[in-house]
Amino acid sequence: MPALLLITAVVVVGFEKLAEWRYGPLCAVGALLIAIGVRAKSPACVGVGVTVIAMQLTAPAL
């Protein structure tokens, strides 16, 4: 069980770092909100995280 938690944590942190590097810190915040929402079984938190990422990814490039 601890190995599964460790692998999951590494994947989540890796995705957050990739998202922050590629799309900025706001996308990493969205990924963190999704991870917290899934862990807490909170659809509102997951929805906010998905919305943050969607707004960041669909924003017009300047």
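What covers the buried residues of α3? The structure before us is a predicted model, and in it the cover over those residues includes α2. I shall take the two helices in turn and then consider how they meet.

I begin with helix α3, which runs over residues 43-58. Its 16 residues should span 22 Å at 1.5 Å a residue, and the end C-alpha atoms are indeed 22 Å apart, so the expected and computed values agree. The buried residues of this helix are Cys45, Gly49 and Ile53. They cover an arc of only 65° around the axis, which places them on the same side of α3. As background, an α-helix has 3.6 residues a turn, so residues three or four places apart point the same way. On the face of α3 turned away from the buried side we find the exposed residues Pro43, Ala44, Met55 and Thr58.

Helix α2 covers residues 25-40, 16 residues in number. From its first C-alpha to its last it reaches 22 Å, close to the 22 Å expected at 1.5 Å a residue. Buried in α2 are Cys27, Ala28, Gly30, Ala31 and Gly37. Just after this helix, Lys41 adopts a positive phi of about 55°.

I turn now to the packing. Two packed helices are described by the angle between their axes and the distance between the axes. For α2 and α3 the angle is about 160° and the axes lie 7 Å apart. An angle over 145 degrees counts as roughly antiparallel, and α2 and α3 are therefore roughly antiparallel to each other. The crossing of α2 past α3 is left-handed.

Which residues of α2 meet α3? On the α2 side they are Leu26, Cys27, Gly30, Ala31, Leu33, Ile34, Ile36, Gly37 and Val38. Their counterparts in α3 are Cys45, Val46, Val48, Gly49, Val50, Val52, Ile53 and Gln56. The buried residues of α3, namely Cys45, Gly49 and Ile53, appear among these counterparts.

Finally, a word on Gln56, which lies in α3. Is this residue buried, partly exposed or exposed? Its relative accessibility is 27%, so Gln56 counts as partly exposed. Leaving aside residues up to four places away in sequence, Gln56 touches Tyr23, Leu26 and Cys27. Both Leu26 and Cys27 belong to the α2 side of the helix pair. Gln56 and Cys45 are 11 residues apart in sequence, with their C-alpha atoms 17 Å apart in space.

Key. Residues are numbered from 1 along each chain as its sequence is written. This is a predicted model: local features need pLDDT of at least 70, side-chain atom pairs count only at pLDDT 80 or more; totals for chains, interfaces and linings use all residues. Side-chain values use heavy atoms; hydrogens and water are left out. Helices (H or I, at least four residues) and strands (E, at least two) are DSSP runs, numbered from the N terminus. The expected span of a helix is 1.5 Å times one less than its number of residues. Buried means under 20% relative accessible area, exposed over 50%, partly exposed in between (1.4 Å probe, protein chains only). Contact means heavy atoms within 4.5 Å. The arc is that of the directions from the helix axis to the C-beta atoms. Axes are lines fitted to C-alpha atoms, for helices over the stretch in contact, and angles run from 0 to 180 degrees between N-to-C directions. Angles under 35 degrees count as roughly parallel, over 145 as roughly antiparallel, 65 to 115 as roughly perpendicular and the rest as oblique. A crossing is left-handed if the near helix is turned anticlockwise from the far one by less than a right angle, and right-handed if clockwise.
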